[in-house]
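Here are my notes on the model you sent round. They cover one helix pair, then the pockets, then the cavity.

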Amino acid sequence: MRTAHRVETVRAAEAALMARLPEGALMQRAAAGLAAACCSLLGKGRVYGARVVLLVGSGDNGGDALYAGARLARRGAGVTAVPLGTRTHPGGLAALRAAGGRITDDPFEALAVADLVLDGITGIGGRGGLRPDAVPVARAARGSGAVVVAVDLPSGVDADTGEVAGEALRADATITFGTYKPGLLVDPAREYAGALRLVDIGLDAVLPGVPDLEALQHQDVAWLLPVPGAESDKYRRGVLGVVAGSARYPGAAVLAVAGALRGGAGAVRYVGPAGDAVIAAHPETLVHAGPPSKAGRVQAWVVGPGLGEGPGPVAEVLAADVPVLVDADGLRGLDPAAVRARSAPTLLTPHAGEAAALLGVAREDVEAGRLAAVRELAARFGATVLLKGSTTLVCGPGGGPVRVNPTGTSWLATAGSGDVLSGLAGSLLAAGLSALDAGSCGAYLHGLAARRASAAGAPVTATDVAGSLRDAWLDVTSPA
């Protein structure tokens with residue numbers, strides 16, 4: 001599992017570790033890892049004679065860049081530092097000069113021929129975009145054709161929130177130290193980070209056990225996914241009730257049921273007007289005319305996909321004493337008090353537009369501050385919230401780490417994919433997973449399935465994604 005910590009936590013951990021180490025040892029560890037990563041990015045045998053430019057700000061990551069540059073210079077690289085702050089780390093500057101590096105006040109000539117650029121302009125404490133005097137240099141670096149490597153964090157992005165409030169320098173790779181920072185895992189900042197590499201500098205021993213963000217990996221999801229035992233039957237595996245679809249949107253019901261069946265549900269009870277379409281596509285489905293309370297035994301409900309306008313059956317489903325997932329049209333006008341009054345878990349799965357409506361803010365505000373939005377929704381409704389989008393986030397109602405889904409892909413921006421996710425996550429709720437785990441594992445498998453379906457780079461549909469869920473499940477549970 002990847003974990004990320006806020007700047008305040010990282011600063012405290014660094015201070016505790018530095019108190020145990022000789023002066024400067026922590027920076028040397030970071031610089032050594034940074035230099036090794038740069039050598040790898042340049043390629044075997046290409047360090048000698050490579051042209052490296054260091055963009056150096058006033059903070060410690062400017063020092064990291066200078067010490068790493070000194071190491072590269074000692075291996076035969078031509079290293080040029082461009083000071084861009086009010087001060088330059090004296091020890092790092094001396095080390096670079098001693099290794100044969102040079103300093104310039106005119107960065108553009110050096111950038112024009114650079115093979116690699118180290119972005120050490122601002123560090124994890126930076127707020128807002130790049131300063132105006134750094135913008136032309138950053139643009140020249142990005143347009144140079146060189147590999148741009150961010151030191152700990154791309155300059156101009158917010159380490160804690162992932163927000164980009166101005167111009168930032170987009171990196172091809174980010175070498176981060178000790179722990180991931182939330183902004184490296186959450187859009188829009190994640191788009192600026194490029195490939196991520198974590199350098200171990202010994203912070204694990206002093207970081208708190210509970211991170212601010214966590215991103216599941218294959219082994220985490222494999223451990224959480226339900227597997228039938230010898231004594232399993234359809235009820236022990238979990239029966240999911242699906243209330244979805246309408247005369248106008250029968251396909252939403254078909255897709256939600258597809259996600260549920262391929263998510264491992266022991267059985268699916270469908271309630272709604274699209275029964276004929278559901279049975280035609282999935283004859284194993286148990287169809288009932290309704291209402292939901294008369295449909296039979298279930299371990300969880302999904303309500304909302306394709307219901308259309310009107311009050312619908314949401315209130316009746318919320319009154320059930322089993323876990324409930326509310327999506328799409330079910331979220332329209334949802335009453336926080338009704339959700340908070342429930343004794344069983346609730347999982348809400350809005351996209352940015354639906355989240356904005358629930359919060360009473362603009363969609364752009366949600367997309368720019370995804371972490372704040374998902375935390376506010378979880379607190380307001382007393383529910384677990386899965387905020388869909390370019391970075392899917394899952395947050396529980398009681399605080400704790402926010403889960404970041406690492407498998408998302410832009411191919412999921414297609415009609416009906418959210419319906420598939422609702423059924424998939426609902427099936428995991430019915431199997432007994434917590435709302436946080438059901439949402440997280442569902443999003444993970446959903447992203448893998450979309451990647452599977454679009455492996456050849458061709459457009460995919462929600463039906464393709466549903467059809468690839470079995471392969472995604474096997475990818476996780478039977479890794480090569």
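**Notes on a predicted model**

1. Start with α3 (residues 60–74) and α4 (residues 90–98). Their axes come within 8 Å and cross at roughly 15°. Angles under 35 degrees count as roughly parallel, so α3 is roughly parallel to α4. The crossing of the two helices is left-handed. Please keep in mind that this is a predicted model.

2. Which residues in α3 and α4 meet? From α3 come Leu66, Tyr67, Gly69 and Ala70. From α4 come Gly91, Gly92, Leu93, Ala95 and Leu96. By class, this contact has 6 nonpolar and 3 polar residues, and no charged ones.

3. Now the largest pocket. Its volume is about 820 Å³. The lining counts 36 residues. His351, Lys388, Gly389, Leu412 and Ser417 lie nearest the centre.

4. Several helices give two or more residues to that lining: α8 (190–193), α11 (250–262), α15 (352–359), α16 (363–368), α18 (417–430) and α19 (435–453). Which element gives the most to the lining of the largest pocket? It is α18, with 4 residues. By class, the lining of the largest pocket has 16 polar, 10 nonpolar and 10 charged residues.

5. The second largest pocket holds about 460 Å³ of space. It is lined by 24 residues. Nearest its centre are Arg11, Glu14, Met27, Asp60 and Asp64.

6. Three elements give two or more residues to the lining of the second largest pocket: α1 (7–18), α2 (25–42) and α3. The largest share, 5 residues, comes from α2. Sorted by class, this lining has 11 nonpolar, 8 polar and 5 charged residues. Note that α3 turns up here as well, having already appeared in the contact with α4.

7. How many cavities of 30 Å³ or more does a search of the whole structure find? The search finds 1. The largest cavity has a volume of about 50 Å³.

8. The cavity lining can be listed in full. Leu216, Val394, Arg403, Val404, Asn405, Pro406, Ser440 and Tyr444 line the largest cavity. Both β18 (402–404) and α19 supply at least two residues each. The class split for this lining is 5 nonpolar, 2 polar and 1 charged. Helix α19 also gives two or more residues to the lining of the largest pocket.

Terms used: Residues numbered from 1 in each chain as written. Predicted model: local features only at pLDDT ≥ 70, side-chain atom pairs only at ≥ 80, totals over all residues. Heavy atoms only, no water. Axes fitted to C-alpha atoms, helices over the stretch in contact; angles between N-to-C directions. Parallel < 35°, antiparallel > 145°, perpendicular 65-115°, else oblique. Left-handed = near helix turned anticlockwise from the far one by under 90°. Contact = heavy atoms within 4.5 Å. Nonpolar A, V, L, I, M, F, W, Y, C, P; charged D, E, K, R; others polar. 1 Å grid on protein atoms, 1.4 Å probe; cavity = no way out; pocket = protein on both sides within 12 Å on 5 of 7 lines; lining within 4 Å. Points joined across faces, edges and corners; volume = space filled by probe spheres on them.
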